[in-house]
Structures are given as C-alpha cells and as structure tokens.
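Grab your viewer and work through the exercises below. Each one sets a task and then walks through a solution.

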Amino acid sequence: MLEAIQKLLVNLAQLFTTPLLFIGDTYISLSLLFQLGIYLIIVLLLGRLFKNLLKKVLLVKLGIDKANREAISTIFSYGLSTLGIIVILQTQGFNVSSLAVLAGGLGVGIGLGFQNITKNFISGLNVLIERPIKIGDFIELENDLGFVEEIGLRSTRIRTLKDSHVIIPNGMLIEGKIHNLTYDNFKGRIEVDVFVSDDSDPVLVTEAILMSAYMEPAVLREPPPKVLFLGFQDNAFKFQLWVWVNEIYNEPIYMSSLRFIIQHNLHQQGILIPWDHFNIYLHHPQDSKNLESSQNTVIHGLKNHQSIPNKPLSARDLLMQVTYFENFTDVELRKLIEVGYRKRLKPLDFLFHEGDPGDTFYIILSGSVEVFVEKINKHLTTLKAGKFFGELALMLGIPRTASVRAIEDTILFAIHKKGFEKILHENPELAEVIVQELAKHQEELSERQNELRELGLVDAEEDDKNPVIWVRNRLKNLFDL
C-alpha cells in the first residue's frame, strides 16, 4: 500500500516536472505554470494595493484633485504590474527579448480574436490621458444620465440618477458623442416651457414667469433668468423660461418646483393655461349662455374662471405710475421688467443703511417697509404695497440718506444700476425724459448737488452751476451714455 502511494507521488511529480514545451532555453511544465500563476496573482494584488495607496493617501496629501488621482493611480498601477510580470519572467529563466517575437506573432492572432477588448483597452488609455471625462463628471451618453464613478482600462462605470450602475465600454466613450454637462463646473441652464391662453397679456405673463424664477432658491441671480416668447400655437402663446443653477444634475427637481410656482403665479394673475385644444360645437345656440356660464365648462380648450380675488400687484402697472416710465410701450415695459428682479425681506430685515450706495430702485409689491434715520432712531415714514423709492439715488448715484427695513414679510421689485444702464442704452431718449422730469424739482436737485460736492462725489467735468445741466452730465458719466 505504501509502495503504491509512493509510486503515485512519483508519477505526479514527473507529471508536474515533465516539460510540456520549450521557449528558448526554458522549458514549460505544470509546476512552472502553477508558480507563475501564484506570482501573477501576487503582482496584481500588489498593483491594486499600490493604486489604492497612491489614490487615497499619497496623492491626497499632495493636493491632487479626485479626477487626476484616478488617472495617475491607474496608469502607475498598470505600469507597476507590467514591470512586476517582466521581473518574474526573467527570474524564472525566460528570455524576455525572445518572448517579444512570440508575443508579436501571437498578437496578430489575438488581435483578430479580441478586437473589441483591444480597442477598449487603448480607448481606456486615451480617456485617462486626454481626460475628455473625469471622475465625478455628470454626463449623458445615449440617453443615460449619470456620474462617472470609475474609469478602468476596459470600461467605465456610471452611476445613474436612479442610483443604478451602467458599465460602458471605453470604445464608446472615444467613438460616440458624449455630452459632458459638468466639464468645467456643475453650473447649467434649465429650460421650462410655459403655455398660456392666446388672450393673455404677454407683459404680465413675462412678469409672472420671472417672479416665479426668483422665488426658486436654487436659481442663480447671475446670469439673470430670461423669458423668451417662442411663438403662437392653437389657442396658445408659447413662452420659455431660462434659468441657471449651480447643480445641473438636480434638473428634474428644479423643473418640478418651477412648474408648481409658475402655475401658482399664473393663477394668481388670472392667466389661463390652455388645455388640449378643441372646440365645442352646439346644435342649439340658445344653450351657449348656460354652457359658458358654468364655471367648469371648457370652451376652446380653456376653463372659464371667475375673477381672481386679491390679485397681486403688477410691477408693470406700478412702473407706469413712475413719471419716467409712464409713456413706455408694453414692449419697453417688458424690457424693464426683464432687467429687474425680486427681493424678499423678512420682518426687521434691513434693505440698506444710510450712507450705502444708491444703486437700486425699488417698488413694493407686497408687505411694507419703514424709512428711518438709524443714527438717531427717528422714524420718517412707512411705505406700503404700490409705493416706490430710491429712483433719485439710482439715477444720480446719490448715497442713501436714510435706512430702510421690513415691517413684515415683503416682496420688492428692484432695478439695479446695471439693468437700468442697459435700458438707457436701448432707449437713449429716456435719459432726456428723466432730465426734464428732474428739472421740475430744481430746488431739490441743487440740494442733492451740494451734498455730493461736500462728499467729494461730484466730478469737476460734470459740475455746473445749472443743476439741470449737471444732471444731464451726471447721467452720461454714471451710465456711460
């Protein structure tokens, strides 16, 4: 029995040590293949360990960003693994130079059989070196939206917005069209389509949509939101709202929020949203009165609403009460509304303090504010919805002479110097209208002129004994007319 076991072991030893083939001066046996397999596993594990150490420790300490850490660690780990394999082959007696000839011959056959693998491997190197996409980028590829989580030499892993994962061969990243939504940053533009009844006031619609944009906290103030009138459809006007946000990957959430706000504001203004466009034909015309009087009746695709109670104040109507804008057309008023923005104040929030730059004009849409002298805590007046203030400070660049704070929740319509300058450049005649209106109050102008002289804020080139000429020169200087 013992002899049989010994004989079996000898046969196994011979089996493992018997040369299967020769490569140069080195023979290949099962035992050598087994050793090479063990060494290969060790090299790959060490390569993976080195990659993690480099990516998560060394490069972090050097301040390298996440995307660069991934690319550098991947290339170095594959390079180290390749070097380790060459060293192992040489220590086992292989002549690496002679293997190059064999590898070249095998490469042709392998290349034909594994074209896609080879293509993806080379594409992976290109992605890591040229970096058209990086770890953390938010991309769109063939209707898949997601974040790049890992870039390997064969494939790239994408985590979608539904928290699932998509594995994309690197060849597709090189050959296909990639929409990298966050190549430089995560800022992006969101477009929201809005349809309203074709009997709506376009200026009022523009105002309601812009107000909605400023009510969404995620919307950036710069670049400012913009409303486009895209055209006419059956029983409807089509508008489109453009807003910019810092986190474009949250687009579905922001669009939903904006639609809720827009719908609410349109309803508040009594602006109708068209339903499916269809007509109702009556066999008996006498029934039309009863039909149209029903609050739930749909005529031409629109619900017949009753008047909206407590309709909010319109910035358009309030702007027309300002002397300088009372002769503006609807087109010009729309431009004025577009350059303006909404500002919300909570109770006791300060809008500005005395001495602050007078670079903004305000109209109170809702709520109320207190105007007072802060230094002596003297109350001057209370302004409520429909009132406006700050136009003189804006047009003459005068520092604030009093402080303003909210008494209650207040919403203001504001026009900043930058937006007002744009309006003046588009409507040069407005500057002279302003001059003529201000000329009606020469005593106040002289007082303001003297205040600015004392503060050293009057340019010698613009100064003039005649306050009207001074105002004309100051407008030109302030707004680069």
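**Exercise 1. Classify the two partners of a salt bridge, starting with Arg 157.**

Step 1. Arg 157 has a relative accessibility of 27%, so it counts as partly exposed; that label covers values between buried (under 20% relative accessible area) and exposed (over 50%), using a 1.4 Å probe and protein chains only.

Step 2. Now look across to Glu 149: its side chain meets that of Arg 157 in a salt bridge, 3.4 Å from N to O. The rule asks for a side-chain nitrogen of Lys or Arg within 4 Å of a carboxyl oxygen of Asp or Glu.

Step 3. Glu 149 comes out as partly exposed too, because its relative accessibility is 28%.

Before going on, a word on the source: this is a predicted model, where local features need pLDDT of at least 70 and side-chain atom pairs count only at pLDDT 80 or more, while totals for chains, interfaces and linings use all residues. Residues are numbered from 1 along each chain as its sequence is written, and side-chain values use heavy atoms, with hydrogens and water left out.

**Exercise 2. Find which parts of the chain the salt bridge between Arg 342 and Glu 207 links.**

Step 1. Check the pair itself: the side chains of Arg 342 and Glu 207 meet at 3.4 Å, N to O.

Step 2. Arg 342 sits in strand β13 (residues 341-345) and Glu 207 in helix α7, 135 residues apart, so the pair links distant parts of the chain. Helices (H or I, at least four residues) and strands (E, at least two) are DSSP runs, numbered from the N terminus.

Step 3. Arg 342 counts as buried because its relative accessibility is 7%, and Glu 207 is buried at 3%.

**Exercise 3. Work out which residues are linked with Arg 316 in a network of salt bridges.**

Step 1. Start from Asp 317, which forms a salt bridge with Arg 316, the closest N and O atoms being 3.0 Å apart.

Step 2. Widen the view: Asp 201, Arg 316, Asp 317 and Asp 330 are linked in a network.

Step 3. Compare accessibilities: Arg 316 is buried, with a relative accessible area of 11%, whereas Asp 317 is partly exposed at 40%.

Step 4. For the overall tally, the salt-bridge count comes to 11.

**Exercise 4. Give the strand order of the open three-stranded sheet and say which helix packs on it.**

Step 1. The order is β8-β10-β9, with antiparallel pairing; strands pair if DSSP finds at least two bridges between them.

Step 2. β8 (188-197) and β9 (226-233) are the edge strands, each pairing on one side only.

Step 3. Ignoring direction, neighbouring strands are turned by 25 degrees against each other on average. Axes here are lines fitted to C-alpha atoms, for helices over the stretch in contact, and angles run from 0 to 180 degrees between N-to-C directions.

Step 4. Helix α7 (residues 202-215) packs on the sheet, touching β8, β9 and β10, and its direction makes about 30 degrees with that of β10. Contact means heavy atoms within 4.5 Å.

Step 5. For the detail, β8 and β10 (residues 236-245) pair over 10 bridges, and Gly 188 has Val 245 in β10 as its bridge partner.

**Exercise 5. Decide whether Asn 265 is buried or exposed, and list what it touches.**

Step 1. Locate Asn 265 in helix α8 (residues 251-268).

Step 2. Asn 265 is buried, because its relative accessible area is 5%.

Step 3. Leaving out residues up to four places away in sequence, Asn 265 touches Ala 208, Met 211, Ser 212 and Met 215.
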